[in-house]
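The exercises below ask you to work through a structure step by step, each with a task sentence followed by a solution. Please look at the sequence and the coordinates before reading the solutions.

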Amino acid sequence: MRKALFALTICALLASNALAVENTATLNSDITQKKYQRKTAVSVGEMELQKPFVILPVIDNTRKRPRKIANYMYQITNNEIDPLTKLFYNYVITQRFDKLIILPNKVILITKTGEATLNTNLPQPSIPQGIDFKTYKQNVENYLNTQIAPVMEKLLEITLDQRYKELPEQEKMTFITQKAKELGLTAEVAEKLMNSGFAFATYIPTIKGNLTINKSILAGTSNPYNAQISLEAQPVILIYRFDGDKKTFVPYKQIVADSGITSQSISLKRPVYSPRYYRNLFDRTLALTIKAAAINAGMELKEDDNFAIFSPAEEVEGNSFKAKVGVAEAIRIDAPFDIYEFENGKKVYKGFGKARDVAYNCEIESTNKTKFDLVKGNVEEYDQLREHPWSGVLFGIQAGITPFSVTEVAGQSASGGGDWATFRITIDADLGYIANSKALSEWWLKIYGGGGSGGDDITIPSLNATISPDNYAEGGLGIYKRIYLGATGLAITPGADFSYRYLKFTGSSGDELTIGAYTFTPHIGFIYNLSPNFEINGEVGYPINVSSDTTYTDSLGTEYTGSAETEGGVNFFIGASYHFGVVGSLSALYAEPPSCKRK
Amino acid sequence: MKKLLFLSAAFIVITSCASTGKQLCQMPNTVEPLSKEAQFVESSSTAEYIILATGKGCTVNQARNDARKAAIWFVLFGGDRPLLQTARERRKAKAILDEILGNPQNYIRWESAPKSKRKEGPYIVMSFLFKVDVGALKQKLLDEGVLESTEDISEEVGLPFIAVLPASNDEFSKFAVTVIEEYLQDRDYEVYVPEGNEKIDKIIKTVAALEGKTDPYYMEAMQAGSDIFVKVKTSVWKVNKYGRTFLKATAEAKAYETATGKLLGASTGFSPERNVTSPEAVVQEATNDLADKITLQIRKAWLRETRRGKPFKVVVFSSEDQFRNVDRSIYRIFRKLSRRPIKRLASGKSATTYVVYIKGIPNAYELFMKLEDMYPGPGKLEKVLDTGSLLIIKAGSGDTDIEIE
């Protein structure tokens, strides 16, 4: 009988819990109306370098044949690692996190609208540089669970009320808030908040790269040589989640980021062969590489639903809509958001939009909303928006025809040249997103390089020369604006390029003609977005020769120099671009992530 | 060219077929909600409920409006505390349902942002939290004569006098008593607060002893002269976690018919575990959870029970030699007055207790007058005590002393 009574009591207690939870659970939205809830993040010590130095093979390209001439070794000292760590986490642990900052005599937890300080002498992790990954991981976990966990627990506890107020959903209009005038945080919500802590530790395996000393490709410069350092880093980011009940950190996930190949160069009057001479160039390139890796890591982080921003679409009017996200979630201008709806139990993709006017929503209970334009598909009130992991940089290929018909070369009347079948590799970067600038929204930077073939012979009657096309190479920089046509995913793209084109022709008797031309090309084209990550494009342009240098060397070695006059003509290209997520050297253009601190 | 034309035509045919294959969304031409899915969340005050309701529609606005209707519909008909409790009330409500559901926003004081949105078949299905003004809704039902007003009930069967008693002496149970009293008063019931009276106390104890009942709440309720008494019990738990104290309360209420001791309703309310400065907040939250339900249960049971007569407990004392005849006379009168069977709870050599249901007599005093008029003898009737549903009389000739010990 007693047993039965005991069992009944337990049942009643369980049932009562279930009922109580059921009622408070109804106050929260389900997955279809998911909203981002802020997480607390702490970084563990400094970034760990597998090798606190970088060995760069030096390639000399100034001779007839490129050759490796030496290995230069650059040490990375602790004094350098510290700012690099700050730089890295600035792009990874952004404003969307509440940040736990460890100082020598205190630890501060900065939330969206407040902060809490705990006076404690938390020892630094003191993990030596240059250790293997496994040992580093053990050190991190040991430090997290012996030193950080108690502090994390304390600070999460202290800030429970503050962070509850910052939640996107609270128990509004209920008895407890309206009549009892209590904050009344439930144990269920407290548990969620106590489990919202994350720790980040970063391990960088050997950084690879090289140093090249080159002849400058551009004609007529005062510094005919340059040196370029290229580096690539692939940091491994260990993420741990704080378990509020067990009061320990548990492994959450591991991200491998990629900086892409990041290069920096300096021009030289003459080749210099001294590692010390390039120290500054190395430091600059290393910082850029770390920044590029951080941008990639931040993007990779958004692949995880815990760190990506979710919000329902609101105030849908035509092709624009709004969402309660903004600076507090580190949303950049032109950031793409995917649109979903839930249909018969399935999550269905509907299209995507881009942030055009990012709201400052850093104050408590701010009602400011970010404005989006629908780029492709359709959107309905309260469809789910999910931040699309994006870097703002697309890599692509283009193929087309470029005219280069000449009327004069090297001061001589000439004809021929014709149209060149051209192939380009392109990099397109959304300046609005990268610079986080509303004024630059949908202004895109285009960098391209390519080559061609199939031009016509050039005839120079006065020199009795007929020379055949050999090489066509071009490299250029352009800017264009994407003007989207409704929500079709289609944009027209007026813009202009500035490029350098290099052409080489060879005659049958060993004579040679080279043409280097600075070209300005106004163009108009189209982009069709299949998604934020993949698009097809096309353009038509009119290359205008700005200035050029030509040299004709006849079979006897006599050189004729002068400029080239071209007939003009229309070029056209079609191509496709894809988002790989790596940004490489373009990281130099990236503005810092949005911050609630008003400057 | 021909090929191209053929392909284009095929494409148009295929796409148009595909589009006609999709279910067309059409809202039915009825004022009732398409969705009748709703859930009670909280009784935030005596006149307001928070309801989680789901609506269906071809557009977001239609789904939102349907959810509003579903919330109102739920308050009227759904769950375990509908405003319309009897078949008669539901029948009467049909006449004004179009008016109420046609303008659901008239009864909604607040609505949340959507809590859910999905597509099911051709419909958009959305959920919202609504604060429903149950007070206004009830007033509308009263004005339109769908619900019987308390005055009507008073005129017809008499409004019950209710005593709310804490089941234990702890401060939270006493606090819960006030919450329930507040709900009852808001619904125009007369709430009696028992006060000590030594003489009445003595009589009640004797009567209770006669029946073999020793429940102090029963005696207290009898003493208060209540028709119904509600026993309230609360418990508060403390849990320490995350560096703070979370309180959780449960409240339990049982309503009894005082005359018969019959259970009329029972309900339990819970609060979640909350970090609050005062336990009263969670006690009230838990009590709010049950108070509305128990008051509706009381109303429903009282209406049901009293339609065939109000219950009275009548204790008759007489001298041993006259008792047999007195008992017979009284019993015959009750047979005439009551449509329902007469219950004799306890009977001795000189005393007996009846439970009778008599229509048209609102209180024990009027019952006494009626008995006095109809009593054929032996001797006459003399009233000892009347409190609500309890009537104690002496009957017979000569001086019949009742010893109350």
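A disulfide is a pair of cysteine sulfur atoms within 2.5 Å. The model examined here is a predicted one.

**Exercise 1. The disulfide link**

Task: Determine how many disulfides the whole structure holds, and characterise the link of A:Cys362 and A:Cys596 by its distance, its handedness and the placement of its two ends.

Solution: A search over all chains of the structure gives two disulfides. For the pair A:Cys362 and A:Cys596, the sulfur atoms lie 1.9 Å apart, and because a disulfide requires the sulfur atoms to be within 2.5 Å, the pair qualifies. The next step is the rotation about the S-S bond, which is -80° for A:Cys362 and A:Cys596, a left-handed link. As to placement, A:Cys362 belongs to the loop between strand E19 (346–357) and strand E20 (370–377) of chain A, whereas A:Cys596 sits in the segment after strand E38 (571–578) of chain A, so that the pair, 234 residues apart, links distant parts of the chain.

**Exercise 2. The interface of the two chains**

Task: Describe the contact between chain B and chain A, beginning with the residues in contact and ending with the strands that join across it.

Solution: Begin with the residues in contact, of which chain B contributes 45 and chain A contributes 48. The area buried between the two chains is about 3,700 Å², with 53% of it on carbon and sulfur atoms. Turning to polar terms, there are four salt bridges between chain B and chain A, including the one formed by A:Glu341 and B:Lys119, whose closest N and O atoms are 3.6 Å apart. On the side of chain B that touches chain A, strand E1 (residues 37–45) of chain B supplies the largest share, six residues, and the classes on that side are 17 nonpolar, 12 polar and 16 charged residues. Finally, strand E8 (residues 185–186) of chain A and strand E11 (residues 274–275) of chain B run antiparallel and are joined by two bridges, with B:Arg274 in E11(B) as the bridge partner of A:Thr186.

**Exercise 3. A sheet in chain A**

Task: Work out the strand order of the open sheet of three strands in chain A, and identify its edge strands.

Solution: The order is E24-E23-E37 (chain A), with antiparallel pairing. The edges are strand E24 (412–413) and strand E37 (564–566) of chain A, each of which pairs on one side only. Strand E23 (residues 406–409) of chain A pairs with E37(A) over three bridges, and in E37(A) the bridge partner of A:Val409 is A:Ala564.

Definitions and conventions: Residues numbered from 1 in each chain as written. Chains lettered and ligands numbered in written order. Predicted model: local features only at pLDDT ≥ 70, side-chain atom pairs only at ≥ 80, totals over all residues. Heavy atoms only, no water. Contact = heavy atoms within 4.5 Å. Buried area = accessible area lost by both parts, 1.4 Å probe. Salt bridge = Lys/Arg side-chain N within 4 Å of Asp/Glu carboxyl O. Helix = DSSP H or I, 4+ residues; strand = E, 2+ residues; numbered from the N terminus. Nonpolar A, V, L, I, M, F, W, Y, C, P; charged D, E, K, R; others polar. Pairing = 2+ DSSP bridges.
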